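I sat down with this one and a fresh notebook page. Here is what I looked up, in the order I looked.

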Amino acid sequence: MIHASRRLILTTLAALTIAAPAALVAGDETAPAAAIDKPAPAFELPGIDGKSYKLSDCKGKYVVLEWNNFDCPFVKKHYGTDNMQALQKKYVEKGVVWLTICSSAPGKQGHFEPAALKTMTTDLKLAATAFLNDADGTVGKAYGAKTTPHMFVINPEGVLVYAGAIDDKPSTNPADVKGASNYVQASLDAAMEGKAIATRSTPPYGCSVKYAD
């Protein structure tokens, strides 16, 4: 009887141990909703141009989401070499909607007022469709954006087809841009040619997104 009781207790504890993480995930309101092969989370954000941008308005087009913090050295690497701007220009000209998003909270690194951002984006020759403000971090958390940059590619059906790093050189060295395998470019080129995307998810690299405490 003692052995049977011990087996019952152990079995019950094991079941609780397995069930607990699922319950935590289900109740975690900050858990990202974005997942490869699933519809990208809907959102509407204000642009520094004074316009409002909805993901639903981009239906029928490829969309790139680029998480940004101009004070981050990893971001500076890609903007200082014009690598990010060249990618933006290339694909916007092909009809891609490229949305650069900042989720830095007020008082945190990378947060600037729209007037300052307008000057910065002009000086840097930003070629994205729009620069969006996500100061409360709602959209960043919905996508699970962890770093700057953190890149997402959405297909014309609104499905997420790539998420992760911009390339395979996780450094702040501008010299590493040359010769790097660019995952965003590879994903867009393959998808737009009707081919399978070889690498669909990678660990992002860069500075942590400066969400509100």
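**Overview.** I counted 6 helices and 9 strands in the protein. I am working from a predicted model, and I keep that in mind throughout. Of the 213 residues, 43% are buried. I then turned to contacts with a separation of 6 or more: residues 24 or more positions apart account for 76% of them. For the surface I noted about 11200 Å² exposed, with carbon and sulfur atoms supplying 59% of it.

**Strand β4.** I wanted to know how many residues of β4 are buried. The result is 6 of the 6, so β4 is largely enclosed by the rest of the structure. In a regular strand the side chains alternate between the two faces of the sheet. I therefore checked each face of β4: Val97, Leu99 and Ile101 are buried on one side, and Trp98, Thr100 and Cys102 are buried on the other.

Next I looked up the neighbours of β4. β3 runs parallel to β4, and 5 bridges join them; here Leu65 stands opposite Leu99. β5 (residues 130-133) is also parallel to β4, joined by 4 bridges. Ile101 has Leu132 of β5 as its bridge partner.

**The β7 and β8 hairpin.** β7 and β8 run antiparallel and are joined by 4 bridges. They form a hairpin with 5 residues between them. I noted Gly158 in that turn, with a positive phi of about 85°. Across the pair, Phe152 stands opposite Ala163 in β8. β8 is mostly covered, with 5 of its 5 residues buried.

I also looked at what comes before β7. Pro149 lies in the loop between β6 (147-148) and β7. The peptide bond joining Thr148 and Pro149 is cis, with omega about 0°.

**Aromatic pairs.** My count came to 8 aromatic pairs. I opened the one between Trp67 and Phe152: the ring centres are 5.4 Å apart and the planes stand at 75°, so I logged the pair as edge-to-face. The angle settles that, because planes over 60 degrees apart count as edge-to-face. Trp67 belongs to strand β3 (residues 63-67) and Phe152 to strand β7 (residues 151-154), so this pair ties together parts that are 85 residues apart in sequence. Are these two residues buried or exposed? Both Trp67 and Phe152 are buried.

I looked up a second pair, Phe74 and Tyr205, which is also edge-to-face, at 5.8 Å centre to centre and 65° between the planes. Phe74 is in helix α2 (residues 73-80) and Tyr205 in the loop between α6 (183-192) and β9 (207-208), so the pair ties together parts that are 131 residues apart in sequence. Phe74 is buried, with a relative accessible area of 17%. Tyr205 is buried too, at 8%.

I then went back to Trp67 and Phe152, which form one aromatic cluster with Phe43 and Tyr143. One more ring caught my eye: the charged end of Lys141 sits over the ring of Tyr211, 5.4 Å from its centre.

**Helix α6.** At the start of α6, I found a side-chain oxygen of Asn182 reaching to within 3.1 Å of the backbone nitrogen of Val184. Which residues of α6 are buried? I listed Tyr183, Val184, Ser187, Leu188, Ala190 and Ala191. An α-helix has 3.6 residues a turn, so residues three or four places apart point the same way. I reread the list with that spacing in mind.

What covers the buried residues of α6? The cover includes β3, α3 (83-92), β4 (97-102), β7 and β8 (160-164). β4 and β8 are the strands I had already logged as having 6 of 6 and 5 of 5 residues buried. After α6 comes Gly194, whose phi is positive, near 75°.

**Positive phi outside glycine.** Last, I looked up two aspartates. Asp37 has a positive phi of about 75° although it is not a glycine. Asp37 lies in the loop between α1 (2-27) and β1 (44-46), and is partly exposed, with a relative accessible area of 48%. Asp82 has a positive phi as well, near 65°. Asp82 lies in the loop between α2 and α3, and counts as partly exposed at 45% relative accessibility.

Note on methods. Residues numbered from 1 in each chain as written. Predicted model: local features only at pLDDT ≥ 70, side-chain atom pairs only at ≥ 80, totals over all residues. Heavy atoms only, no water. Phe/Tyr/Trp six-rings, centres within 6.5 Å; stacked < 30°, edge-to-face > 60°. Buried < 20%, exposed > 50% of the residue type's maximum accessible area, 1.4 Å probe, protein only. Lys NZ or Arg CZ within 6 Å of the ring centre and 35° of its normal. Contact = heavy atoms within 4.5 Å. Polar contact = N/O pair within 3.5 Å; in protein donor to acceptor, adjacent residues only side chain to side chain. Pairing = 2+ DSSP bridges. Areas by Shrake-Rupley, 256 points an atom, 1.4 Å probe, with all protein chains shown as cover.
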